[in-house]
Amino acid sequence: MSKKQIAGLVAAAVVFVFVSAASMMTHNFFESSGLKDLTSMVSSAAHYPSSGSYVGVVDVSGIILNTSSTSIFSSGGYNHQATLDKIDEMTKAVNNRGLLLFVNSPGGGVYESDELYLKLKQYREQTGRPIYVYMANQACSGGYYIAMASDGRVYANRSTLTGSIGVVMQITNVKGLYDKLGIEEINITSGSNKDMGSMGIEMSNEHRALLQSLVDEMYAQFFEIVAEGRDMSAGSLRRVADGRLLTASQAKEAGLIDDIMTYEELQALIREELGSGISIVDPEKEATIFEQLFLGAKELQKKSDAQVIQEVIDKKGNGVLMYHANIS
């Protein structure tokens with residue numbers, strides 16, 4: 001074994017010992033301080049107070065997709081299952097008095113957006129407690145969709161971008177590139193429509209019509225949810241439900257939000273409506289020691305050209321139905 005290899009093993013051992021010791025010290029501190037519950041609070045996806053009246057914040061920041069990872073190398077961001085778990089926890093909590101949905105999202109998957117919307121709606125229907133919505137930088141498409149679970153308590157910052165009511169399916173087609181390189185994609189299928197959306201074949205009119213029908217059906221669902229959530233007529237909603245982005249003032253004028261205010265002003269409004277003794281709890285999950293140690297190294301890893309291209313395809317052209325605004 002070379003000196004270089006030995007040095008690498010020693011360095012790895014030092015990191016392991018440091019992390020293990022830090023973890024043990026943290027655990028022992030919590031044990032000796034009588035703060036056992038704090039350990040579980042940090043590692044838990046949802047940790048609201050077990051006593052005292054509170055309104056729980058549910059932070060939906062980032063793209064609404066079920067891409068969360070339990071790996072020690074995960075970089076955080078929106079965690080779909082953890083978000084659903086938080087809502088379940090508040091539904092069962094007798095000391096919970098309401099939910100504050102903080103939205104900073106360009107939207108996301110049709111499935112995940114609808115699942116989150118239904119979970120929020122279930123919370124409101126089962127508990128009878130209010131859902132307040134605050135829109136930060138952006139609450140577009142799926143980010144607006146989930147806000148419709150509220151009961152007329154939708155607020156935005158004056159600089160918010162919202163709206164983008166619509167559905168998009170993006171498919172990356174590389175047939176032109178294949179032709180240039182002399183590559184032919186051959187699909188052996190059980191039916192003429194089994195390979196629709198394939199990257200290496202020209203899209204036929206039939207394939208396009210079939211895919212358009214999927215988009216149209218999901219758009220009709222989105223349209224109905226907004227009309228119900230905002231108590232709007234089809235005619236009024238149709239004027240702004242064409243995928244356009246709106247400023248907060250435009251959204252208020254169109255009836256898509258209730259008012260424009262700062263986050264602090266909304267918190268004051270909540271306490272005014274529910275009682276000054278109400279706590280507004282935002283259970284931010286702190287990064288683990290492993291995340292802090294290795295996230296930087298992960299982000300510095302050099303990506304090949306192929307990896308970069310694949311990431312673009314995965315994000316923009318994988319054929320998934322999306323309630324998503326192309327501004328992120």
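1. Start with D114. This aspartate is found in helix α4, which covers residues 110-127. The model is a predicted one, and what follows should be read in that light.

2. Which side chain of opposite charge is nearest to D114? It is K121, and the distance is 8.7 Å. D114 is buried, yet has no salt bridge. A salt bridge here needs a side-chain nitrogen of Lys or Arg within 4 Å of a carboxyl oxygen, so K121, at 8.7 Å, does not pair with D114.

3. What does D114 touch, leaving aside its neighbours within four places in sequence? The contacts are Y145, Q221 and I225. Q221 and I225 carry numbers that fall within the range of α7, residues 205-229.

4. Now the rest of α4. The helix has 18 residues. From first C-alpha to last, α4 reaches 26 Å, close to the 26 Å expected at 1.5 Å a residue. The buried residues of α4 include charged ones: E112, D114, K119 and K121. V110, S113, L116, Y117, L120 and Y123 are also on the buried list. Just after the helix comes G128, with a positive phi near 75 degrees.

5. Helix α3 spans residues 80-92 and holds 13 residues. The distance from its first C-alpha to its last is 19 Å, close to the expected 18 Å. Buried in α3 are H80, A82, T83, L84, K86, I87, M90 and T91. What covers them? The cover includes strands β1 (54-61) and β2 (96-105), together with helix α4. So α4, the helix that holds D114, is also part of the cover over the buried residues of α3.

6. The N-terminal end of α3 has a cap. N79 supplies it. A side-chain oxygen of N79 lies 3.4 Å from the backbone nitrogen of Q81.

7. Salt bridges next. How many does the structure hold? The count is eight. Three of the pairs are taken up below, beginning with R153 and D151.

8. R153 forms a salt bridge with D151, and the closest N and O atoms are 2.9 Å apart. Are these two residues buried, exposed or in between? R153 has 22% relative accessibility and counts as partly exposed. D151 is partly exposed too, at 32%. The pair does not stand alone: D151, R153 and E273 are linked in a network of salt bridges.

9. K175 and D179 meet through their side chains in a salt bridge, 3.0 Å from N to O. Where do the two sit relative to each other? Both are in helix α6 (residues 175-181), four residues apart, so about one helical turn separates them. K175 is partly exposed, with a relative accessible area of 25%. D179 is partly exposed as well, at 48%. The cut-off for exposed is over 50%, so D179 stays in the partly exposed class at 48%.

10. K252 pairs with D259. The closest N and O atoms of this salt bridge are 3.1 Å apart. K252 has a relative accessible area of 39% and is partly exposed. D259, at 27%, is partly exposed too.

11. Two residues other than glycine deserve a look at the backbone: S164 and D231. S164 has a positive phi, near 55 degrees. D231 also has a positive phi near 55 degrees. Each is in a loop. S164 lies between β6 (161-163) and α6. D231 lies between α7 (205-229) and α8 (234-238).

12. Which of the two is buried and which is exposed? S164 counts as buried, at 7% relative accessibility. D231 counts as exposed, at 71%.

13. Finally, the chain overall. It has twelve helices and ten strands. Of its 328 residues, 37% count as buried. Take the contacts between residues at least 6 apart in sequence: 75% of them join residues at least 24 apart. The protein chain exposes about 18,400 Å², and carbon and sulfur atoms supply 54% of that area.

Technical notes: Residues numbered from 1 in each chain as written. Predicted model: local features only at pLDDT ≥ 70, side-chain atom pairs only at ≥ 80, totals over all residues. Heavy atoms only, no water. Buried < 20%, exposed > 50% of the residue type's maximum accessible area, 1.4 Å probe, protein only. Contact = heavy atoms within 4.5 Å. Areas by Shrake-Rupley, 256 points an atom, 1.4 Å probe, with all protein chains shown as cover. Expected span 1.5 Å × (residues − 1). Polar contact = N/O pair within 3.5 Å; in protein donor to acceptor, adjacent residues only side chain to side chain.
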